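I am opening these notes for someone who has not looked at this structure before. I went through it one topic at a time and wrote down what I looked up.

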2 protein chains.
Amino acid sequence: MAIDLRLDPGEVPLLLDLYHLTMAAGFFEHGFNDTACFSMWVRRMPASRGFLVAAGTERFLEALEEFHFDGAALDYFDSLKLFKPEFLHFLGSLRFTGEVRAVREGTIVFTEEPVLEVRAPLIEAQLLETLALNQIGMATLIASKAARCYGAARGRRLVDFGLRRSQGADAGLIAARSSYLAGFDGSASVLAGKRYNIPLFGTMAHSFIMVHESEREGYANFARTFPHLTTLLVDTYDTLRGVENAAAVARELEREGIRVQAVRLDSGDLLDLSRKSRRILDERGLHAVAIFASGNLDEHKIDALLRAGAPIDGFGVGSAMVTSNDLPALDAVYKLVEYQGKPRLKCSTEKATLPGSKQVFRALDSVGRFLGDMLGLSEESVHSVAQSFRPAPVRVEPLLATQMREGRRVPPRPSLTDARQVFLESWSKLEQRFKGLQRPDAYPVGHTGALKAMLIEQRLQVPGRQA
Amino acid sequence: MAIDLRLDPGEVPLLLDLYHLTMAAGFFEHGFNDTACFSMWVRRMPASRGFLVAAGTERFLEALEEFHFDGAALDYFDSLKLFKPEFLHFLGSLRFTGEVRAVREGTIVFTEEPVLEVRAPLIEAQLLETLALNQIGMATLIASKAARCYGAARGRRLVDFGLRRSQGADAGLIAARSSYLAGFDGSASVLAGKRYNIPLFGTMAHSFIMVHESEREGYANFARTFPHLTTLLVDTYDTLRGVENAAAVARELEREGIRVQAVRLDSGDLLDLSRKSRRILDERGLHAVAIFASGNLDEHKIDALLRAGAPIDGFGVGSAMVTSNDLPALDAVYKLVEYQGKPRLKCSTEKATLPGSKQVFRALDSVGRFLGDMLGLSEESVHSVAQSFRPAPVRVEPLLATQMREGRRVPPRPSLTDARQVFLESWSKLEQRFKGLQRPDAYPVGHTGALKAMLIEQRLQVPGRQA
């Protein structure tokens with residue numbers, strides 16, 4: 001069953017660019033394979049975006065544990081007629097043997113801050129570039145977007161409705177997981193429910209009504225089959241008449257002991273329709289029937305509806321969230337920052353990198369609220385960095401922790417529920433002014449003196465390298 | 001090796017929403033499973049977008065051939081405590097037995113035009129909604145975006161550099177395939193090369209230079225390992241000094257019989273840098289060394305560079321193309337249009353559907369150029385529709401063809417190369433004014449008299465259904 005719409009475990013390590021293989025061959029031939037450190041971070045975001053929610057490292061680490069090129073992969077490399085047999089033999093025996101430090105999934109981070117550092121023999125570390133950017137990039141992108149929806153929804157129910165509009169199958173899975181991690185209540189995607197044990201939500205589509213001779217018959221048939229899962233879609237023909245029909249059926253079914261849970265609005269002016277629907281339902285004594293809304297929603301529309309007092313109890317969010325439509329890709333990079341124990345620096349226009357293996361130090365006040373972060377070198381101590389924060393924080397936490405050593409996971413392996421907990425806590429500790437949807441305040445991220453000194457030293461050395 | 005970053009063949013049918021299962025259970029219980037026809041089309045696009053390039057049907061059809069719920073899937077459904085044993089038993093024996101009509105991959109189509117019609121027992125057809133929208137939607141989205149780049153590049157080489165920024169693994173594969181289909185010359189993605197036999201391109205990253213003590217040493221080492229694949233990245237430190245170093249190494253290597261093929265610019269003002277780089281190379285007699293550019297490119301930037309006369313011979317395009325950044329999701333729908341032989345219609349605000357199973361009729365002039373399309377009913381004949389075009393076309397072609405009958409593929413199965421050929425021909429037959437990047441002319445799409453008559457008849461019937 002070699003169908004195209006699948007990804008075999010043996011194909012995961014092939015999520016790389018040709019230049020990773022050619023560089024690896026160059027390194028191999030010229031004897032470059034000492035310890036390197038690569039760092040991954042997001043360079044910048046539009047002014048409307050204030051924060052990131054780290055995600056995707058679990059999958060990445062899982063893939064590293066299994067990382068190897070199988071026979072089919074080696075045969076393909078050979079067919080390219082670019083590589084020598086010694087190199088292919090070397091690739092065949094390659095496993096990931098290095099160390100990975102990463103921010104915990106669910107942690108709120110900011111641009112410039114490393115979310116991942118890989119320390120390994122140069123070739124191993126270099127081959128992971130695309131896998132890291134593709135997977136951690138996408139998961140972080142969606143968790144960050146979903147968190148904005150979470151903030152806008154002010155505690156109302158949020159459900160991922162996006163699988164149909166996600167960019168492929170993997171994107172749909174990542175979006176369901178990342179949005180649940182970032183505060184959503186569940187997803188409509190059955191595969192995501194099965195894989196991640198995420199609560200599933202869903203009811204009916206217009207076609208269910210359309211095959212029936214009348215809307216009321218459709219509602220009644222559905223409710224009798226799913227007496228405990230009855231949300232009635234009211235906009236197949238005319239929305240408010242649909243609500244009236246739903247209300248009539250709900251009253252009728254009460255006699256059979258079936259309680260309709262909600263009506264769902266899926267088009268039109270949701271503010272006006274939700275008010276009128278609430279009135280219709282209340283007039284018929286159906287105060288307990290909730291109103292659920294969907295249809296091209298995003299964080300801005302949810303925010304506007306709730307600010308205007310729309311009586312909506314839950315939202316289904318699709319395309320905008322699962323594609324992060326205002327920012328469909330993060331400007332994330334995975335760069336060499338150290339080789340043979342020496343910091344390395346790239347300085348091309350507007351894409352300069354900070355040298356050296358790093359740590360992100362977060363200052364907290366007495367109630368755990370985030371005061372600001374400091375980017376420093378990985379070997380700096382929390383104690384020494386604490387001195388450089390003004391005012392002095394109650395506590396300083398390093399965000400990057402070792403999650404893999406010598407190619408093996410360092411326990412514990414956090415579950416998705418753990419990651420969701422990390423997010424919810426992180427969210428509650430970040431002041432509202434950094435979470436705005438339009439022009440959030442810039443969260444303070446400084447550089448330690450040691451990092452600044454290294455940067456100056458490196459800049460002085462570069463001209464020599466290019467001579 | 002049950003790692004999260006993979007998709008097993010048995011998981012493909014689970015790319016559906018919970019409501020598909022609950023509706024199916026409702027249909028099953030209340031005896032609705034007669035023949036239905038579902039149609040998929042894109043409702044609308046922004047004014048900057050004129051056309052679509054159909055793609056993704058091959059994968060979808062492949063998935064249909066294998067469609068069934070395995071034991072693990074049925075166990076999961078059972079665990080949801082929503083479904084009766086008879087229904088689960090029914091699902092276990094379900095296979096796709098219907099007919100699929102689709103537009104050939106690579107064909108240029110427009111909003112409102114069906115790209116896919118599925119005719120099958122209601123439950124089978126309904127369960128495919130998300131799979132169709134997710135897969136055909138994404139592939140069409142990217143092929144359409146890539147075609148815009150193809151138009152802008154005016155025959156220059158185009159390479160997909162986007163795997164690192166694509167929305168997950170599947171998105172990267174789809175993007176590589178769809179962009180190749182829509183005129184790209186190849187991809188950097190190794191897995192896409194292996195899967196689809198797409199030509200691979202790629203050279204080196206900044207890290208290759210950074211581990212060397214000097215830029216020149218890095219260039220020389222790379223060129224000696226890959227004497228036939230030498231594109232030198234010049235912006236690790238200072239771009240123009242990088243070009244000078246590349247030129248010096250190129251002259252030196254000429255004596256060893258190694259020809260440097262290109263330099264690659266990856267940041268900065270590409271117009272200015274490409275001109276200065278060309279001058280440096282030409283002054284040293286390196287007229288044959290090409291200039292390749294990358295770095296946040298999209299169709300607009302490529303167009304502007306070439307209009308300004310930038311001496312660039314090829315482009316690597318990443319994030320913008322692989323995420324279709326100006327339009328990251330298509331407003332595509334998969335709707336019931338017929339049940340039990342009767343046309344069905346949905347008329348909620350702004351989301352109304354046209355009833356009935358359809359055909360897209362395309363009028364061509366004597367040189368095959370597209371004159372306009374007509375949406376009609378599937379049973380209408382080309383001959384009768386031809387009469388309603390003004391002026392009378394030389395030829396009328398129906399775009400939807402039967403690709404699957406009774407659950408089996410109807411030969412031939414077109415290859416990716418075939419699809420690319422269909423696109424290139426389609427592209428050459430569509431006038432430039434419909435292909436503009438900003439505000440293309442609206443391509444004429446009309447409705448046949450028979451379709452209009454059916455719409456009126458249906459509208460008259462709807463109020464009764466909602467009574």
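The entries below go from the pair of chains to a sheet, then to helix packing and a few backbone details.

**Entry 1: the two chains**

I kept in mind throughout that this is a predicted model. I began by asking how chain B is superposed on chain A, and I found that a rotation of 180° with 0.0 Å of shift along its axis does this, with an RMSD of 0.0 Å. That is the relation of a two-fold axis.

I then turned to the interface, where 102 residues of chain B are in contact with 102 residues of chain A. On the side of chain B that touches chain A, the largest share comes from helix α1 (residues 18-29) of chain B, which supplies eight residues. Sorting that side of chain B by class, I noted 47 nonpolar, 31 polar and 24 charged residues. Because 100% of the interface residues of chain B are also interface residues in chain A, the copies meet through the same surface.

**Entry 2: a sheet in chain B**

Next I traced an open sheet of seven strands in chain B, and I wrote its order down as β13-β12-β1-β5-β3-β17-β18, with antiparallel pairing. Which are the edge strands? They are β13 (342-343) and β18 (408-409) of chain B, each of which pairs on one side only.

Looking at one pair within this sheet, I saw that strand β1 (residues 35-42) of chain B and strand β12 (residues 332-339) of chain B run antiparallel and are joined by seven bridges. To fix the register for myself, I noted that B:Met40 stands opposite B:Tyr334 in β12(B).

I also looked up which helices lie against these strands. Helix α2(B) packs on the sheet and touches β3 (99-103), β5 (116-121), β17 (400-405) and β18 of chain B, and its direction makes about 25° with that of β17(B). Helix α6(B), for its part, lies across β1, β5 and β12 of chain B and runs at about 140° to β12(B).

**Entry 3: the helices α2 and α6 of chain B**

Since both of these helices had come up, I checked how they meet. The axes of α2 (residues 57-65) of chain B and α6 (residues 129-153) of chain B come within 8 Å and cross at roughly 150°. An angle over 145 degrees counts as roughly antiparallel, and α2(B) and α6(B) are therefore roughly antiparallel to each other. The crossing in which α2(B) passes α6(B) is right-handed.

From α2(B), the contact is made by B:Thr57, B:Arg59, B:Phe60 and B:Ala63, and from α6(B) by B:Leu131, B:Ala132, B:Gln135 and B:Ile136. I counted the classes in this contact of α2(B) with α6(B) as five nonpolar, two polar and one charged.

**Entry 4: a second helix pair, in chain A**

For another example I took helix α10 (residues 215-225) of chain A and helix α11 (residues 239-254) of chain A, which pack at an angle of about 45° with their axes 9 Å apart. α10(A) and α11(A) are therefore oblique to each other, and their crossing is right-handed. The residues making the contact include A:Tyr219 and A:Ala223 of α10(A), and A:Ala246 and A:Val249 of α11(A). By class, I recorded seven nonpolar, two polar and two charged residues for the contact of α10(A) with α11(A).

**Entry 5: strands and a hairpin in chain A**

In chain A I followed strand β3 (residues 99-103), which four bridges join to strand β17 (residues 400-405) in an antiparallel run. Here A:Val103 stands opposite A:Leu400 in β17(A). Two bridges then join β17(A) to strand β18 (residues 408-409) of chain A, again antiparallel, and A:Met404 stands opposite A:Arg409 in β18(A). The hairpin of β17(A) and β18(A) has two residues between the strands, and in it A:Glu406 takes a positive phi near 45°.

**Entry 6: backbone details**

Most residues other than glycine have a negative phi, and most peptide bonds are trans. With that in mind I noted A:Arg154, which has a positive phi of about 45° although it is not a glycine, and which sits in the loop between α6 (129-153) and β6 (157-160) of chain A.

Where are cis peptide bonds found? One runs from A:Arg390 to A:Pro391, with omega near -5°, and A:Pro391 is in the loop between α15 (382-387) and β16 (395-398) of chain A. Another joins A:Pro411 and A:Pro412, with omega about 0°, and A:Pro412 is in the loop between β18 and α16 (416-429) of chain A.

Definitions and conventions: Residues are numbered from 1 along each chain as its sequence is written. Chains are lettered from A and ligands numbered from 1 in the order in which they are written. This is a predicted model: local features need pLDDT of at least 70, side-chain atom pairs count only at pLDDT 80 or more; totals for chains, interfaces and linings use all residues. Axes are lines fitted to C-alpha atoms, for helices over the stretch in contact, and angles run from 0 to 180 degrees between N-to-C directions. Angles under 35 degrees count as roughly parallel, over 145 as roughly antiparallel, 65 to 115 as roughly perpendicular and the rest as oblique. A crossing is left-handed if the near helix is turned anticlockwise from the far one by less than a right angle, and right-handed if clockwise. Two residues are in contact if their C-beta atoms, placed from the backbone, lie within 7 Å. Ala, Val, Leu, Ile, Met, Phe, Trp, Tyr, Cys and Pro count as nonpolar, Asp, Glu, Lys and Arg as charged, and the others, Gly among them, as polar. Two strands pair if DSSP finds at least two bridges between them. Copies are superposed by least squares on the C-alpha atoms of residues with pLDDT of at least 70 in both.
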